[in-house]
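This report covers one helix pair, an internal cavity and a few individual residues. Keep the sequence and the model open while reading.

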Amino acid sequence: MSCVHDHVKLLYDQQLYSNVVALGSLVLTVNDHALDSPLLPSRLQSYTCYAESLFQTGQYRKAERVYKKVQQLKKSVLKTKSGSSSVQTNKTPSQPTTPTESQRESMADVDIKYQLHLCQVQQRQHHTAMNTLQSIPAKQRTAKVHMALAKLFHDQGHCRAAIGAYKEVLRECPLALEAAEGLLQLGMKGIEVNSLMIDGMSSMNCQLDWLNNWVKAHAYLHSQEYTQAIQAFRNLDERTSLRDNVNILVPLGESYYYYGDNANAALVLQRAHAMEPLQRGLDILSCILAKERQMRELQRLVAPLQMSPEVNGPEPWIALAYSLFAAGKHTKAAYFAQKACMIAPRHVEALLLKGQILLELKKHPEAVSHFRDAQQICCHRYEPHKGLVDCYVAMLRFREALTIACSAVKQLGQTPRSLTLYASVLMKDPVSVPKAKTLLEKALMLDQLFLPAVYLLAELYEQEMTLELAIALLEKQVALRPTCKLHQMLGDLLARVHEEEKALDHYAIALNLDPNNRRALEGMHRIDNSSSKLDSTYYMPVGEEENADTTYDTGGDVADSDNENEVDESDPEAVWSDLDIGMH
């Protein structure tokens, strides 16, 4: 019978895993009825090959059961060996027994538990997988066990335990860059992480000239110092031998995106994707392309994914969801977004996308829940604050929206995006319009090219009937960075002051940039038909792109703001006085 077990092992060694599954199921069923102990080692070997083959063929639930059977058989083998060794010890008491065999069995038990944890992770049983790894005694945990524990602790929000596990990995493997980045993500100082790595490398006589700058760049990124992170990653890409490395370009693109520079972020991430597709950053790149309405590039990005949607990780599903969302297929997009959330429940981009889709579907309470989850995971990101403001404005709960916008300025600092977000809510109340104008002017002092602030400030000038100021503002922006919307808005204003020829020129430029711009077409028709007045000014909420839907959907499911206990319901004057925002 042992020859059959040898054939199982032969098939496994030749990596014929499906054949091992077919033969092993039959052989082990027969052998389970043979209880004679001499067959136990052979059965243990066949069960191990069978379990590994099930794992390799993706049958994780079945593999988990067989791995547990292997654990039981190992105990039987150990009992058999311990019994025989005790007999030998009684015969020759002067000969000492060596612990090498038991140590070897103990290490194999660690490997079995590690494989069990992998099966449980594949079945999304993360808590069970964590318990499986924690059942391994601390002294027997290898670097891969510590790394697996660190990832599980990190994903579940157990920061202190994750830091301890990451440190254990770096002590044994000082160039474990994923562990180093995990420590930086959890708030550990860059100098401390660098010291851990250098101390471990000193005993190996290994020196890397780029390592210190790599740690520094990621430390800037994870401490939200995005301008310094951009400069550090650019230096690595331009001034070191790491040029054109995807693992440098992707965090550089992320730094641009978190800073709010979508144009540069898209350029860098597209460069990385062209060199090595399906890398980290696919979710952010698809988000930018969808916002910018670059449908052709977005379809080119997701075309390979449609042929093989089984790719691991949430990023491919997010990219597919964005392509559907941009095409107006919101229900299908919600399915793919939910798939990404199931794979990685704490993935911020997946939560933000699901929130945006739910907002578009007018499921405002569910959208609020997703944006809040994203905010709790990544409170320093702008997008969760923006999503919550959009939800509360859509539900006509302006007081909550104002409070969220105020907290965004406090948490993110006085950046152009946060100030413009706050101003967009203040504009809802005529009493607060002068304060909104002050915030928008402050935002443009920080970044004169920040177009969402330009659009809103031009609208305020128009509402105040100071059309000359609005025209001057838009003409300055058109000279700096012309866009379709700037030309269209400028055409509307020029038509109102009866400068029809200039207005027609700007409408023509706008249509040249975007032939489907409806408002530019209507403006040209009005002038051609000698219409007396233009429609009311085109309104665009902060943060939306030029071709996106620019109206807040208020729907019929308006909720009572008194029932919301999570948000401080202070009045606009109190919220304004809570911020120390000046023009200096």
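## Helix packing

H8 crosses H9 with left-handed geometry. This is a predicted model. The two axes, for H8 at residues 159-172 and H9 at residues 177-185, come within 9 Å and cross at roughly 150 degrees. On the H8 side, Ile163, Tyr166, Lys167, Val169 and Leu170 make the contact. H9 answers with Glu178, Ala179, Ala180, Gly182 and Leu183. By class, the residues of this H8 and H9 contact are seven nonpolar, one polar and two charged.

## The chain as a whole

The chain holds 30 helices and zero strands. It has 584 residues, and 48% of them are buried. Take the contacts between residues at least 6 apart in sequence: 55% of these join residues at least 24 apart.

## The largest cavity

Rolling a probe the size of a water molecule over the atoms shows where empty space is left. How many cavities of 30 Å³ or more does a search of the whole structure find? The search finds two. The largest cavity holds about 60 Å³ of space.

Its lining consists of Val250, Leu269, Ala272, His273, Gln279, Arg280, Gly281, Leu282 and Leu285. Sorted by class, the lining of the largest cavity has five nonpolar, three polar and one charged. Helices H14 (262-275) and H15 (282-291) each supply at least two lining residues. Which helix gives the most to this lining? H14 does, with three residues.

Val250 is one of the lining residues, and Val250 sits in helix H13. Is Val250 buried or exposed? Val250 is buried, because its relative accessibility is 4% and the cut-off for buried is under 20%. Beyond residues up to four places away in sequence, Val250 touches Leu269, Ala272, Arg280 and Gly281. These four also appear in the cavity lining. The C-alpha atoms of Val250 and Ala272 are separated by 6.6 Å, though the two residues are 22 apart along the chain.

## A second buried residue

Met130 belongs to helix H6, residues 126-134. Met130 also counts as buried, at 4% relative accessibility. Leaving out neighbours within four places in sequence, Met130 is in contact with Leu149, Leu152, Phe153, Gln156 and His158. A 9.7 Å separation lies between the C-alpha atoms of Met130 and Lys151, which are 21 residues apart along the chain.

## Positive phi in two loops

Most residues other than glycine have a negative phi, and most peptide bonds are trans. Two residues of this chain are set out below for their positive phi.

| Residue | Phi | Loop between | Relative accessibility |
|---|---|---|---|
| Asp244 | near 65 degrees | H12 (226-239) and H13 (246-259) | 37% |
| His498 | near 65 degrees | H27 (484-496) and H28 (500-513) | 58% |

What separates the two in exposure class? Asp244 is partly exposed, because its relative accessible area of 37% falls between the cut-offs of 20% and 50%. His498 counts as exposed, because its value is 58% and exposed means over 50%. The loop that holds Asp244 leads to helix H13 (246-259), and helix H13 is also where Val250 is found.

Conventions
Residues are numbered from 1 along each chain as its sequence is written. This is a predicted model: local features need pLDDT of at least 70, side-chain atom pairs count only at pLDDT 80 or more; totals for chains, interfaces and linings use all residues. Side-chain values use heavy atoms; hydrogens and water are left out. Axes are lines fitted to C-alpha atoms, for helices over the stretch in contact, and angles run from 0 to 180 degrees between N-to-C directions. Helices (H or I, at least four residues) and strands (E, at least two) are DSSP runs, numbered from the N terminus. A crossing is left-handed if the near helix is turned anticlockwise from the far one by less than a right angle, and right-handed if clockwise. Contact means heavy atoms within 4.5 Å. Ala, Val, Leu, Ile, Met, Phe, Trp, Tyr, Cys and Pro count as nonpolar, Asp, Glu, Lys and Arg as charged, and the others, Gly among them, as polar. On a 1 Å grid over the protein atoms alone, a cavity is a set of points where a 1.4 Å probe fits but cannot get out, and a pocket is an open set with protein on both sides within 12 Å along at least five of seven lines; lining residues have an atom within 4 Å of a point. Grid points are joined across faces, edges and corners, and a volume is the space filled by probe spheres set on the points. Buried means under 20% relative accessible area, exposed over 50%, partly exposed in between (1.4 Å probe, protein chains only).
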